[in-house]
Amino acid sequence: AGLSFTGKLPFLCSFGCFLTGRYDTIRLSVAYSQANVRLIGTHAGVGIGDDGHSQMGLEDLALMRALPTMGVFQPMDATETTHLMRYLVTEWKGPAYVRLTRQNLPDLFPSGARFEPLKLMRVLPAEKPRVSFIATGGVVGEAYEAAKALSQKGISADVWNCHAIKPFDAKTMTEIARNSQLVVSVEDHTVLGGLGSCVAEAMAENGAKARLQRIGVQDEFGESGDPAELYDKFGLSARAITERVSAFMRELS
């Protein structure tokens, strides 16, 4: 914070769970002071695998989102990370928290697409989608594969990537919800206070009629294990997402 007030643009990087462990300091020295600081929280979610819950950032989005003045961001792949970092260096003013993964992620940023800061981006289109996925970070790829599997089952689905948790693109979210039967938020984070909460708030406040399913860690602690097995256990794998959404769509019909 002190460096920022001398005109520097400091980046502080550590595990997301350890950064948010200094919450009171961030709250007063960075957010309250509106310091132009970039906090980079890595090793997010159960996707880090064997290190277990003590190393997993699972509540960090909710904590940072609650702080006035704090921007909260989570890119889906390396290309979007590059675009986002450039935006945070050249345009964003004030505090920002960026959430990154430990694991490598598939390249999903559409070739030739323009990065639109603070906007939801459709990474998998569908004609007249019955299901719309809103995903962020490490599980955008899982939602992508789930949407393709659902389409093969006759359930049209598109996928939207959310790199900005705060400020959240409520306008686009409302338009998506008005054109789908079911909206599914997907995040490697607790379902309390993160992306799912952003989606629910936008839909409720703007009168969207679509149903909502929030997929994430369900008010429980993570555990140690193989990342793919943990994604399956916590319902974040493409297979688990496909099964859950398929079952819900059967109930609707």
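Colleague: What percentage of the 253 residues of the chain count as buried?
Modeller: This is a predicted model, and the value is computed from its atoms. A residue counts as buried when its relative accessible area is under 20%. Of the 253 residues of the chain, the share that meets this criterion is 54%.

Colleague: How many helices and strands make up the secondary structure, and what radius of gyration does the chain have?
Modeller: The chain comprises nine helices and 10 strands. For 253 residues the globule rule gives 18 Å, and the chain comes close to that figure, so it is as compact as a globular protein of that length. The C-alpha trace spans about 60 × 40 × 35 Å along its principal axes. The radius of gyration itself is 18 Å.

Colleague: Among contacts with a separation of 6 or more, what percentage comes from residues 24 or more positions apart?
Modeller: A contact requires heavy atoms within 4.5 Å. Among contacts in the chain with a separation of 6 or more, residues 24 or more positions apart account for 80%.

Colleague: What area does the chain expose, and what percentage of it do carbon and sulfur atoms supply?
Modeller: The exposed area of the chain is about 11,400 Å². The part supplied by carbon and sulfur atoms is 50%.

Colleague: How far apart are the mean positions of the positive and negative charges of the chain?
Modeller: The chain carries 26 positive and 28 negative charges. Taking the mean position of each set, the separation is 7 Å.

Colleague: How many disulfides are there, and which cysteine sulfur is nearest to that of cysteine 162?
Modeller: A disulfide requires two cysteine sulfur atoms within 2.5 Å, and by this rule the count is zero. Cysteine 162 is in no disulfide, since its nearest cysteine sulfur is 6.6 Å away. That sulfur belongs to cysteine 198.

Colleague: Are cysteine 162 and cysteine 198 buried or exposed?
Modeller: The limit for a buried residue is under 20% relative accessible area. Cysteine 162 has a relative accessible area of 1%, and cysteine 198 has a relative accessibility of 3%. Cysteine 162 therefore counts as buried, and cysteine 198 likewise counts as buried.

Colleague: Which peptide bond is cis, with omega near 0 degrees?
Modeller: Most peptide bonds are trans. The cis bond leads into proline 167, which is placed in the loop between β8 (164-166) and α6 (170-178). It is the peptide bond from lysine 166 to proline 167.

Colleague: What is the phi of histidine 43, and where is this residue found?
Modeller: Most residues other than glycine have a negative phi. Histidine 43 has a positive value, near 55 degrees. Histidine 43 is buried, because its relative accessible area is 15%. Its place is the loop between β2 (38-42) and α3 (60-65).

Colleague: Where is threonine 69, and what is its phi?
Modeller: Threonine 69 is in the loop between α3 and β3 (71-73). At 34% relative accessibility, this threonine counts as partly exposed. The phi of threonine 69 is positive, near 80 degrees.

Colleague: In which helix is glutamate 80 found, and which residues does it touch?
Modeller: Glutamate 80 is found in helix α4 (residues 78-90). Its relative accessibility is 0%, so glutamate 80 counts as buried. Proline 110 is 30 residues from glutamate 80 in sequence and 9.8 Å away, C-alpha to C-alpha. Not counting residues up to four places away in sequence, glutamate 80 touches Pro75, Phe109, Phe115, Asn161 and His163.

Colleague: With which residues is arginine 211 in contact, leaving aside its neighbours within four places in sequence?
Modeller: Arginine 211 lies in strand β10 (residues 211-217). At 45% relative accessibility, arginine 211 is classed as partly exposed. Arginine 211 is 37 residues from phenylalanine 248 in sequence, with a C-alpha to C-alpha distance of 9.9 Å. Beyond its neighbours within four places, the contacts of arginine 211 are Gln181, Leu182, Val183, Met203, Phe248 and Leu252.

Colleague: Which residues are in contact with threonine 136, leaving aside its neighbours within four places in sequence?
Modeller: Threonine 136 occupies the loop between β6 (131-135) and α5 (140-152). Its relative accessibility of 1% means that threonine 136 counts as buried. Leaving aside neighbours within four places in sequence, threonine 136 is in contact with Gln74, Asn161, Cys162, Ile165, Val186, Glu187 and Leu195.

Terms used:
Residues numbered from 1 in each chain as written. Predicted model: local features only at pLDDT ≥ 70, side-chain atom pairs only at ≥ 80, totals over all residues. Heavy atoms only, no water. Buried < 20%, exposed > 50% of the residue type's maximum accessible area, 1.4 Å probe, protein only. Helix = DSSP H or I, 4+ residues; strand = E, 2+ residues; numbered from the N terminus. Rg over C-alpha atoms; globule rule 2.2 N^0.38 Å. Areas by Shrake-Rupley, 256 points an atom, 1.4 Å probe, with all protein chains shown as cover. Lys, Arg positive; Asp, Glu negative; His and termini not counted. Charge placed at Lys NZ, Arg CZ, Asp CG, Glu CD.
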